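Morning, everyone. Please bring up the structure on your screens, and we will walk through it together.

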Amino acid sequence: MTDLLYSEEEEALRAAVRDLLTDHCAPADVIARAESGTPHDLSVWKSLAEGMGLAGLLVPEEQGGQGASAREAAVVLEELGRAVAPVPYLTSAVVATEALLACGDEELLGRLASGRTIGALAVGLHTAPGAAVTTVRAQNGTLHGELTGIADAAVADVLLVPADDGALYAVASDAVTVTPQASLDLTRPLATVRLTGAPGRRVGDAEPAVRRALRAAAGLLASEQLGLADWALTETVRYLKERKQFNRPVGGFQAIKHRLAQLWLEVVNLRAAARAAADALASGEDTDVSVAVAQAYAAPVAVHAAEEALQLHGGIGMTWEHPIHLYLKRAKADSIAYGTAGAHRAALAELVDLQGP
Amino acid sequence: MTDAEELRRRARELLAAHPPADTDRLDFLRARFDAGLAWVHYPQGLGGLGVPRSLQGVVDAELQAADAPDNDPRRIGIGLGMAAPTILKYGTEEQKRRYLRPLWTGEEVWCQLFSEPGAGSDLAALGTRAVRAGEDWTVNGQKVWTSSAHIARWAILIARTDPDVPKHAGITYFICDMTDPGVEVRPLRQITGEAEFNEVFLTDVRVPDDRRLGEVGDGWRVAQTTLMNERVSIGGMALPREGGMIGPVSKTWRERPELRTHELHQRLLKLWVEAEVSRLTAERLRQQLVAGQPGYEGSGMKLAFARLNQEISGLEVELRGEEGLLYDDWTMRRPELVDFIGRDAGYRYLRSKGNSIEGGTSEILLNIVAERVLGLPAEPRTDKDVAWKDLAR
């Protein structure tokens, strides 16, 4: 039976991550950092990954990890989403790690699990599980080509690159040219990766590794979207209890109350969907359907939550100074990341036998 | 011995003493009640054993496996879900002993005399009057949307006993005898063509004072127990995947490829996802209740299911194209059971329109979520300190 609740250990993990982010990842810092040349917060990453050992949650203990599961990683992602934390957790500790788990590359897995090495799967962030993937040319053990839209590549130490010979290669980032792209999401920036004869080490078959990595990504992204949407709702409710116009709290107007109640319903639903996907990824049961359902539902809810937060904050929500825009940008980018809601609905049509005309 | 093992032992004991195959249905149900296995969380002597409600499943499974008869809970939903918890909480010992056993066995069906033509969402504004006459009360007024009134032996009734105080303060809660000569039940035909509900006219109905539940003037508080249980029972059921309204339309989609269009396909998939997510939310709520951590999610379930039922059944009528122009049967009937899913798509479409009205309109439920869950300010009230008789109407 799908367990949709949080265990006591999961709640303790949540509290620890939230404490860290409250102290070291305040919205004003994230905004200031987003404008600097180094949008990622590697000191927070170090605390999470090395200090708390969270980079290795998905890696078995005998391979240097924590031997936890997607359920715990989902809780971490909820909190990272709540803080729009600019750390490569989803890309390294989930996506690259899942790809390496599929390949069985113990040496590199151990390094990623320790958090001292950051990995990135060199597949465009927009790619849905099962979709075609851009590859580079493999020639005499060296790789040639250009890949775009690679999330968190700017801070990756190792890139996992699919090549035209069907293999996935591990490539050191200092052997390639990584160029940041101006990205809609300021806190999970994209980059292009140019390979001109970079040496690569074959770690396994690309197709199953990429498919597994992207499925985990899509499923666990729902938890990040849940955290994000929950922040948007909570913060908006808090603000509208204080903000007064027409000699009344704005949150007392029925038109506003109903919108917030509707949003609450969506967040409640998203929590169930995200927990179901995390549990299915952990148990391996009903995984494809649970992931597709979660991602088909999560993206529009997170975007709606951020959009409502902006509108209901009025003018202040439109300013660079207020953090709402970070959430809106993340939510909108997340709605494309690892497949749009439409792509996941199309996958579901096949999975549950509701084919189109 | 754990509670669960003890319950299993008692269920087997009941089955041994009253083998379902050779026992009259009613005799078995009475014996089950007397054994404390009817609703295990009720007190001893009143059909229960005072153990946690979550253990009911242990008893039900044991009895189901032995093919024991049940009390047809859908037929007596108002009694089980609304009247019983209220009688348990506010009834005198005598009232509990008199009413709960035949209520649970289904020997006596209950209905609810709450809503009035002039008091829907603003239920506390109700105008049915109960006037003290010696040891009795004399009741006059009109109630509406009363399901099961035509088969009911008893009703839970709220009536105005003091028009000179603000509306919430002047209400008293009674048990009304539906066989009293002053009670007239008329079917109320609804847009589906059937009459699931009734109008009930009360003319000089005599209610003895020992059929009062709670104190005089305390009826609004007593009614909250009833209404809270109504919302739980309307939104709280756990379903398998495709178990609700999405089931029939998915089946039609699979069996009738000639009806498919791209536009309907997109809408169907969206609704399928929403139905599945709502099902997961209901399941999560159920798990929370079992784990003893009641969540707020319950307040939202009815809202979500109402909207989904309406959109899904609307889609289904469209999907059927030419057949969608037809209707299965407009014959006026008085069904004993409410069935949202039975019959054809057109019926489902029309019946589901009531889902966002019955048991609290969606607009009122959104207020409740906003105020009680999110803590937003309450609606401005102009009626709180005004005597009922001076309210605008």
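Which side chain does A:R71 meet in a salt bridge? The partner is A:D279, with N to O at 2.7 Å. Keep in mind that this is a predicted model. Now find the two residues in the chain. A:R71 sits in helix 4, residues 70-82 of chain A. A:D279 sits in helix 8, residues 254-283 of chain A. The two are 208 residues apart in sequence, so this pair ties together distant parts of the chain. The general idea is simple: side chains of opposite charge can pair when their charged atoms come close. Over all chains, a search of the whole structure finds 71 salt bridges.

Next, the record. UniProt, in an unreviewed entry, places "domain: Acyl-CoA dehydrogenase/oxidase N-terminal" at residues 7-108 of chain A. In the model, that span is 66% helix and 0% strand. Its end C-alpha atoms lie 31 Å apart. UniProt also places "domain: Acyl-CoA dehydrogenase/oxidase C-terminal", again from an unreviewed entry, at residues 211-350 of chain A. Here the chain is 79% helix and 3% strand. The end C-alpha atoms of residues 211-350 are 17 Å apart.

On to the sheets. In general, strands of a sheet pair through backbone hydrogen bonds, either parallel or antiparallel. Take the open sheet of four strands in chain A with the order 2-3-7-6. Its pairing is antiparallel. Why is one side of strand 2 and of strand 6 of chain A left without a neighbour in the sheet? Strand 2 (137-139) and strand 6 (177-180) stand at the edges, and each has a single partner strand, so one side of each stays free of a neighbour. Neighbouring strands in this sheet are turned by 15 degrees against each other on average, ignoring direction. Now look at strand 3, residues 142-151, and strand 7, residues 190-199, of chain A. They pair in the antiparallel sense over eight bridges. One bridge to find on screen: A:A151 has A:L190 in strand 7 as its partner.

There is also an open sheet of four strands in chain A with the order 1-4-5-8. This one has mixed pairing. Strand 1 (119-121) and strand 8 (201-205) are at its edges, each with a single partner strand, so each has one side without a neighbour in the sheet. The average turn between neighbouring strands here is 25 degrees, direction ignored. Strand 4 (158-162) and strand 5 (167-172) of chain A run antiparallel, joined by five bridges. Among the paired residues, A:L159 has A:V171 in strand 5 as its bridge partner.

Two helices lie across strands 1, 4, 5 and 8 of chain A. Helix 5, residues 89-103, runs at about 75 degrees to strand 1. Helix 6, residues 106-114, runs at about 135 degrees to strand 4.

Last stop: the interface. How many residues of chain B are in contact with chain A? The count is 44, and they touch 41 residues of chain A. The two chains bury about 3,700 Å² between them, 70% of it on carbon and sulfur atoms. Four salt bridges are counted between chain B and chain A. One of them joins A:D286 to B:R241, with the closest N and O atoms 2.7 Å apart. There are also 18 residue pairs in polar contact across this interface. Helix 8 of chain B gives the most to the side touching chain A, with 18 residues.

How values were computed. Residues are numbered from 1 along each chain as its sequence is written. Chains are lettered from A and ligands numbered from 1 in the order in which they are written. This is a predicted model: local features need pLDDT of at least 70, side-chain atom pairs count only at pLDDT 80 or more; totals for chains, interfaces and linings use all residues. Side-chain values use heavy atoms; hydrogens and water are left out. Two strands pair if DSSP finds at least two bridges between them. Axes are lines fitted to C-alpha atoms, for helices over the stretch in contact, and angles run from 0 to 180 degrees between N-to-C directions. UniProt positions are given in the numbering used here, feature names are shortened, and annotations may be inferred rather than shown by experiment. Contact means heavy atoms within 4.5 Å. Buried area is the accessible area (1.4 Å probe) that two parts lose on being put together, summed over both. A polar contact is a pair of N or O atoms within 3.5 Å; within protein, one must be able to donate a hydrogen and the other to accept it, and residues adjacent in sequence count only if both atoms are side-chain atoms.
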